[in-house]
Amino acid sequence: MAATASLQLQERVHLKNTLQRASDLITLFFLISLLCYRASSLQSYGFVWLVSFLCEFWFTFIWFIITSIKWSPVTHKTYPQNLLKKFDELPAVDVFVTTADPKLEPPIITVNTVLSLLAVEYPVEKLACYVSDDGASPATFYSLVQASNFAKLWVPFCKKYNVRVRAPSVYFSTESSSSSSPDFTKDWKHAKDEYEMLCQRIENACKDVPKTGEFTDFSDIERGNHPSIVKIVWENRGNQEDGFPHLIYVSREKRPEHPHHFKAGAMNVLARVSAVMTNAPFMLNVDCDMFANNPEVVLHGMCLLFGFPHEIHSGYVQAPQQFHGGLQDDPFGNQLVVLQRKVGYGIAGLQGPFYAGTGCFHRRKVIYGSPPELPHNSKHDVLSCKEPQQVFGDSREFLDSVAHIMSENIELRSANLLIDLSSKIEAAKQVASCTYEFNTDWGKEVGWVSGSVTEDVETGIRIQSMGWESKYLTLDPAPFLGNAPTGGPASLAQQKRWSTGLLEILVGPNSPLLATIHKSLTFRQFLVYINLNVWALRSLFELSYTLLAPYCCLTNSSFLPKVGAAAMVIPLGLLLSYNVGTLMEYLECGLSVRAWWNNQRMQRIYALTSWLFGFIGVMLKKMGLSETIFEVTRKDQSLDEGDVDMRRFTFDSSPVFVPGTAVVLVNVMALVVGLVRIMVNGGGDEGGDGPGFGEFVCCVWVVLSFWPFVRGFFGKGSYGIPWVTVFKAVALVLVFLLMFVR
Ligand SMILES: O=c1ccn([C@@H]2O[C@H](COP(=O)(O)OP(=O)(O)O[C@H]3O[C@H](CO)[C@@H](O)[C@H](O)[C@H]3O)[C@@H](O)[C@H]2O)c(=O)[nH]1
Ligand SMILES: [Mn+2]
């Protein structure tokens, strides 16, 4: 190995963004002007002015952070062809897939992800795929067994014909066999027929689960109360020509009296189970719906792990969360395209992307808490002051595996993965037990950090605060593609979980603030995390600001300059520069004006629904009144582009819809009252202290942003806002009127 050290594996490319900077600065200029205007006349106005000032101060603060994050975008080009020239042998990678609920996450989705991973371009004896099933579902296990049978045909087929998308459901929905060689047509047809049969069998198994043989482990168990189940679905013994990687099913022990820490808990079990079995120095983790969309993805990942003079530069390699089958114009504002392009590349130029929970390559030793080796760092700090079993738990097999991983240069030393897996099952079950982590550092200094519902970001902070940088793996075609939620309830629930978890981090032991002061998180990376961590807090300012204009209309006052006044230039300039600036970003990324608007309005909706509940949830948790839980997002199997209904906002009776409904009611009411008053008494911009053009524009803007809710008042079934929600919203509106408008 390391024969030709000069061969480049990656290249850092700076992206030009002069226009972007100018546009962001203009908006910042208007924001600051607005603050100065408020500050200069704070005395002469009352309460409304003060609230406006505080909100605008907050918006300026956030905009300053965003401008700073986006300032110097970079991307890294990767050269996998050099990898193969540079190293005689590639390092081993353990691949982790998590699933939690066969109803919300149909097994066929997991199967497609697993098949795409088994078929990647990488030496098969260097890969092992572990599936964690928190649902302890025999249907999921059965599906994996069936999938491994299909893989015997699918993996060679993909490699023989260099198939580009190796998730069969996606491949067969887009490719056809026409105009190809007769050989290919025959093989294609065969693979397609077999895949359809696989789907059929899996569908049947989901209805009527087998209970004999291998499946007896699943009989008479509850998903929250059962022993560890570890099963080797497929063992690659290295004796077949067209082999494919090991496939192992893991369902960790669960008992009602022990907390299981949701996904963080599942990841930690995967880390340990894989350690006692194959112990690869690298791990790749994906969610069950995130298939490998680029067959060379692991090679590209290795380029970023090995492409730098010092490993400190790539503690982990994160691919962006990209989605497939997205609805046209992004009606739920969750495809994150512009965010990844503008903010993502910006972060890539700082300490590196935050860990997003899926599509990420990790170094095992980093997950185990190893700081980067620097002259002033004593090696393996964690290990130096405590006994290994206090840190890692007391499985002998596991401790041996740790010692091996922590030893010098293991990452490139060839590991023999062709071991007898079945001899490791007992050790694996032990480390998958629900008491294994007691009195150890797991979930704290070692492994995935548990305690917040965004374990991903928190784990990333922990890693970066040791000084590690991370790298952003962007490829064309995209490295991985997942499933973005659709409909109101699922989208709002996901945003609620994110905002909850992010705020939990801010006030927890891994707060980026502490990490910057006491550890090695850089200042601008701190800004990256602050921007994320305060989502829930943003809701308070957005809510206040949303209520300002209706308040003014109802109380015959104003918070914006009048049309004739010179100061009106400021809010007008801000409105223009912000909207034109953000619209340009969407157009630049090849998206439509509609997509821009949908994202704008969904941001307002998320802020006043999900993020607000995130804030309340964290407050309740801090007061000890409730716990935050990880609600799994429903994964839709097929998104039909032409289906208008999929794009429409849906509701259920969840309280999360109440504030949005109330906001619409207040704003509509304010518009009516304000207009009637002007018609009767005159006023508006010409005279008096009453609301003018500015306030009316604000009310209309809010109503347009909440258009899905406006439609919801008239919709039927899940398209309509349930009556209970409307009643609760009316009650809130009454409270608002009684408190502020007398
Ligand atoms: O108790 C649990 C709960 C969830 N999961 C798995 O976690 C993954 C993510 O769950 P999902 O419902 O899809 O959440 P998303 O909001 O789509 O996930 C994003 O946000 C999460 C943090 O909130 C990260 O963990 C994910 O990686 C990231 O993709 C899925 O594979 C689940 O099967 C478990 O294994 N055990
Ligand atoms: Mn997901």
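## A buried lysine to start from

Lysine 263 is buried, with 24 other C-beta atoms within 10 Å. Here a residue is called buried if 20 or more other C-beta atoms lie within 10 Å of its own, exposed if 12 or fewer, and partly exposed in between, with C-beta atoms placed from the backbone. Lysine 263 sits in helix 8, which covers residues 262-277. Helices (H or I, at least four residues) and strands (E, at least two) are DSSP runs, numbered from the N terminus. If we set aside neighbours within four places in sequence, lysine 263 is in contact with Thr98, Glu455 and Phe630; contact means that the two C-beta atoms, placed from the backbone, lie within 7 Å.

Before going on, please note that this is a predicted model, in which local features need pLDDT of at least 70, side-chain atom pairs count only at pLDDT 80 or more, and totals for chains, interfaces and linings use all residues. Residues are numbered from 1 along each chain as its sequence is written, while chains are lettered from A and ligands numbered from 1 in the order in which they are written.

## Its partner in the record

UniProt, in an unreviewed entry, places the feature "binding site" at Lys263 and Asp287. UniProt positions follow the numbering used here, feature names are shortened, and annotations may be inferred rather than shown by experiment. These two residues span 25 residues in sequence, yet their C-alpha atoms are no more than 9.9 Å apart, so they gather at one spot.

Aspartate 287 belongs to strand 7 (residues 282-287), and it is buried too, with 26 other C-beta atoms within 10 Å. Beyond its neighbours within four places in sequence, aspartate 287 is in contact with Thr98, Gly357, Thr358 and Gly482.

## A second annotated pair

The unreviewed UniProt entry also lists Glu105 and Asp134 for "binding site". They span 30 residues in sequence, but their C-alpha atoms are no more than 11.2 Å apart, so this pair gathers at one spot.

Glutamate 105 lies in the loop between strand 3 and helix 4 (107-118) and is buried, with 25 other C-beta atoms within 10 Å. Aspartate 134 is found in the loop between strand 4 (127-133) and helix 5 (138-160); it counts as buried with 25 C-beta neighbours inside 10 Å. Outside four places in sequence, aspartate 134 is in contact with Ala100 and Ala266, and the contacts of glutamate 105 include Ala100, Cys288 and Lys635.

## Around ligand 1

Which residues are closest to ligand 1? They are Thr98, Ala100, Asp287, Gly357 and Thr633, from a shell of 24 residues, each with its C-beta atom, placed from the backbone, within 6 Å of the ligand. Strand 3 (93-99), helix 8 and helix 17 each give two or more residues to this shell, and helix 17 provides the largest share, four residues.

Helix 17 runs over residues 488-506 and reaches 27 Å from its first C-alpha to its last. As many as 18 of its 19 residues are buried.

## Two domains

The protein is divided into domain 1 (18-71 + 520-638 + 645-740) and domain 2 (81-321 + 356-484), with bounds from an automatic or database domain assignment. Their centres, taken over C-alpha atoms, are 41 Å apart. Where they meet, 12 residues of domain 1 are in contact with 17 residues of domain 2. The shell around ligand 1 draws at least three residues from each of the two domains.

Technical notes: The expected span of a helix is 1.5 Å times one less than its number of residues.
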